[in-house]
Amino acid sequence: MPAQQPRAKGGRPPRLTVAAIIAAADRILAAEGPEKLSMRRLASELDSAPMALYHHVRDKDQLLLLVLEKHAEQISRPELPADPSERLTAVALLLYELLAERAWIVEVLTTGDLFAPAALWFVDEMIGAAVDAGCTPEQGVAVYRAIWSYIVGSLIIQVNSARRRERAAPVYDDAAVAELATGRYPHIAAVADRWTELGTRDTHRAGLPAIVAGLLAGYTPR
């Protein structure tokens with residue numbers, strides 16, 4: 001059911017505000033995902049007419065930017081370790097965990113050129129930490145991009161797997177993997193009885209530090 005706004009005198013809903021539009025869009029994104037967000041769907045949520053929204057936001061892209069920026073502005077910037085490797089790891093872990101709580105943001109960021117200016121400090125800190133560890137600025141960008149690709153790829157897989165489970169779609173379970181692996185793929189066969197459990201573990205707290213260490217070692221050989 002859409003969130004009803006209280007009626008003003010004369011039976012009309014109160015004047016729309018950008019804040020109310022952003023809040024309603026945020027609710028839809030969190031509950032239904034980016035694909036379900038449209039100006040018509042948002043107007044229904046606000047008990048308004050779609051054309052009324054265009055007096056406040058240009059289009060869906062601008063609306064998404066506003067919601068992204070709202071989330072970014074609410075993130076507290078923590079005290080970070082002085083050691084460059086530890087600092088890079090801390091920022092990467094924080095970014096992963098913040099995005100994991102807001103999976104729809106990953107979908108938005110990977111389907112266009114949208115980004116929240118208030119979140120650029122994550123990028124700057126990661127590049128800066130890599131430079132402080134001995135990378136050139138260009139290598140620092142490469143380090144950031146490799147970490148970003150890991151974070152996004154991991155979270156997209158989680159989102160798609162969750163949706164598949166919700167749809168009760170058929171998947172290869174442990175028995176199927178074991179049958180396929182026997183005799184041909186001995187290393188897979190050795191863990192086939194735990195394939196699903198191992199494949200759904202959240203390993204980012206071990207994976208990200210290892211990736212950071214490997215990247216810095218590769219770009220700054222001693």
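A crossing of two helices is called right-handed if the near helix is turned clockwise from the far one by less than a right angle, and left-handed if the turn is anticlockwise. With that convention in hand, the helix pair α5 and α12 makes a good way into this predicted model, for α5 passes α12 in a right-handed crossing. The two helices pack with their axes 10 Å apart and at an angle of about 140°. Since angles over 145 degrees would count as roughly antiparallel, α5 and α12 are therefore oblique to each other.

On the α5 side, the contact is made by Ser85, Leu88, Thr89, Ala92, Leu93, Tyr96 and Glu97, while α12 brings His204, Arg205, Leu208, Pro209, Val212 and Leu216. Sorted by character, the residues of this contact comprise 8 nonpolar, 3 polar and 2 charged.

Tyr150 offers a second view of this part of the chain. This tyrosine belongs to helix α8, and its C-alpha atom is separated by 9.5 Å from that of Tyr96, although their positions lie 54 residues apart along the chain. Setting aside neighbours within four places in sequence, Tyr150 is in contact with Thr203, His204, Gly207, Leu208 and Ile211. Two of these partners, His204 and Leu208, also belong to the α12 side of the contact with α5. Tyr150 counts as partly exposed because its relative accessibility is 23%, and buried would require under 20%.

Turning to the interior, the largest nonpolar core holds 50 residues, and among its members Leu42, Leu63 and Ile147 touch the most others. Two or more residues come from each of α1 (18–32), α2 (39–45), α4 (60–73), α5 (84–100), α6 (103–109), α7 (120–132), α8 (137–166) and α12 (204–219). The most is given by α5, with 8 residues. Around Leu42, residues up to four places away in sequence not being counted, the residues touched are Ile21, Ala24, Ala25, Ile28, Leu37, Leu53 and Leu63.

These details sit within a chain of 12 helices and 0 strands. Buried residues account for 32% of its 222 residues. Of the contacts between residues at least 6 apart in sequence, 67% join residues at least 24 apart; the contacts of Tyr150 in α8 with residues such as His204 and Leu208 give a local picture of such pairings.

Conventions: Residues numbered from 1 in each chain as written. Predicted model: local features only at pLDDT ≥ 70, side-chain atom pairs only at ≥ 80, totals over all residues. Heavy atoms only, no water. Core = buried A, V, L, I, M, F, W, Y, C linked by side-chain atoms within 4.5 Å. Buried < 20%, exposed > 50% of the residue type's maximum accessible area, 1.4 Å probe, protein only. Helix = DSSP H or I, 4+ residues; strand = E, 2+ residues; numbered from the N terminus. Contact = heavy atoms within 4.5 Å. Axes fitted to C-alpha atoms, helices over the stretch in contact; angles between N-to-C directions. Parallel < 35°, antiparallel > 145°, perpendicular 65-115°, else oblique. Nonpolar A, V, L, I, M, F, W, Y, C, P; charged D, E, K, R; others polar.
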